[in-house]
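Let us walk through this model together, one part after another. Please have the viewer open, and turn the model as you read.

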2 protein chains.
Amino acid sequence: MYHIEKSVGFLLAKAYQRAFALFREELEEFDLTPPQYAILAFLWQQDGLTQVELSEKSQVDRTTLGGLIDRLEKYGLVERHTHPHDRRAYQIKLTPRGRSLEPQLRECSKNALAKLTSGLSKKDVAELERILEILRGETRVYEKPTF
Amino acid sequence: MYHIEKSVGFLLAKAYQRAFALFREELEEFDLTPPQYAILAFLWQQDGLTQVELSEKSQVDRTTLGGLIDRLEKYGLVERHTHPHDRRAYQIKLTPRGRSLEPQLRECSKNALAKLTSGLSKKDVAELERILEILRGETRVYEKPTF
DNA sequence: TGCATATAGTCAGTATGCTGTCAATAGGGC
DNA sequence: GCCCTATTGACAGCATACTGACTATATGCA
């Protein structure tokens, strides 16, 4: 007998839903959301990316990313800068405030992860990471070697 | 060095995103979405649930569920019936068309799952199911024993 | 140099998800 | 029977996600 609540798709959806909710709770005091954190995290790694680059790295749709950047800009965490070589494009740069939040926001991420995986062993977590990498499918753009 | 693209939260989000996209592609010909399928799936199991019951079983917010039912009703797949004992509540019932789509839509679900997990062994899939169940946290309402 | 194709980012529309609030109804206690 | 608290479903607002379409700009080729 088929039970939707046992299907992988449903389980994945609900696990993600809980992960999102736990992370949102942690970020609440900073008035930020998990997707906004993700964008900041990519910029902490590499500031000044274009929206296309950010979209590719974060795997967020370009139009959705536009709105995310709008909000981060409104909060004073990033700025859109004109691109030195391409008048169509922007370079998205962190403000000093956006940069300064990194330690605290990473702490939020750590806390959320600890809560999410509290019922799992380290081996389970490693296993989950391995399986989720496979589920994601083809290699991400940021993983491609530069020739 | 911390890399957001290796974090469990990010991996979970992107794995879910791909699962959702694959399933959406399968359902496209029926002009339905994964969340709509989930609601139908719960009703195929047990027709005539109230919105509160459906919300609990599917773990979808009551207000979000309202919109989902609106659309399914508009497509002629479900109907809101007045509750025999509670004038506040409805019983959400499948229409003949909603019921008749079950075989084909389940096939879509199967196909999407096959695509999603094509890179995993059966053992991996079983392991993933086990771990995702734990990640979801406390027991779901539908799993609680009836005393 | 002009033209065709591609790209960067935005806009409109639709779907989903959550929080806070509200009106109508239910139920229990006195 | 009245009152208080709780419940059911909807509404408004905001955030995220995707599709299709559009404008301005870039690029390559003849």
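Let us begin with Q36(A), which is found in helix 2 of chain A; helices here are DSSP runs of H or I with at least four residues, strands are runs of E with at least two, and both are numbered from the N terminus. This is a predicted model, in which local features need pLDDT of at least 70 and side-chain atom pairs count only at pLDDT 80 or more, while totals for chains, interfaces and linings use all residues. Residues are numbered from 1 along each chain as its sequence is written, chains are lettered from A and ligands numbered from 1 in the order in which they are written, and side-chain values use heavy atoms, with hydrogens and water left out.

Q36(A) counts as buried because its relative accessibility is 3%; buried means under 20% relative accessible area, exposed means over 50%, and partly exposed lies in between, computed with a 1.4 Å probe on protein chains only. Leaving out residues up to four places away in sequence, Q36(A) touches D31(A), L68(A), R71(A), L72(A) and Y75(A), where contact means heavy atoms within 4.5 Å. A polar atom of the Q36(A) side chain also lies 3.0 Å from the backbone nitrogen of T33(A). Such a polar contact is a pair of N or O atoms within 3.5 Å; within protein, one must be able to donate a hydrogen and the other to accept it, and residues adjacent in sequence count only if both atoms are side-chain atoms. Looking back along the chain, G9(A) is 27 residues from Q36(A), and their C-alpha atoms are separated by 25 Å.

One of the residues touched by Q36(A) is D31(A), which sits in the loop between helix 1 and helix 2 of chain A. Its phi is near 60°, a positive value in a residue other than glycine. With 56% relative accessibility, D31(A) counts as exposed. In chain B, D31(B) has its place in the loop between helix 1 and helix 2, again with a positive phi of about 60° although it is not a glycine. D31(B) counts as exposed at 54% relative accessibility.

How do the two protein chains relate? A turn of 180° and a shift of 0.0 Å along the axis lay chain A on chain B with an RMSD of 0.0 Å, the copies being superposed by least squares on the C-alpha atoms of residues with pLDDT of at least 70 in both. That is the relation of a two-fold axis. The same surface serves both copies, since 100% of the contact residues of chain A recur in chain B.

For a residue that touches both chains, go to S58(A) in helix 3 of chain A. S58(A) counts as buried because its relative accessibility is 1%. Apart from residues up to four places away in sequence, S58(A) touches I39(A) and F42(A) as well as F10(B) and K14(B). A polar atom of its side chain lies 2.6 Å from the backbone oxygen of L54(A).

Now turn to the DNA. Strand C is surrounded by 24 residues, and the closest are T63(A), R88(A), Y90(A), T33(B) and R71(B); a residue is near a strand if one of its heavy atoms lies within 4 Å of it. Of the atoms of DNA strand C within 4 Å of the protein, 68% belong to sugar or phosphate and the rest to bases. Phosphate oxygens of this strand lie 2.9 Å from a polar side-chain atom of Q17(A) and 2.7 Å from a polar backbone atom of Y90(A). Helix 4 of chain B gives the largest share of the surface near DNA strand C, four residues.

DNA strand D has 23 residues around it, of which T33(A), R71(A), T63(B), R88(B) and Y90(B) come nearest. Here a polar side-chain atom of Q51(B) lies 2.8 Å from a phosphate oxygen, whereas R88(B) places a polar side-chain atom 2.4 Å from a base oxygen. The largest share of the surface near DNA strand D, four residues, comes from helix 4 of chain A.

Finally, a word on confidence. Chain A averages a pLDDT of 92, and 92% of the residues score at least 70; pLDDT is the predictor's confidence in each residue, from 0 to 100. Over residues 139-147 of chain A, pLDDT stays under 50. Where pLDDT is low, the predicted coordinates should not be read in detail.
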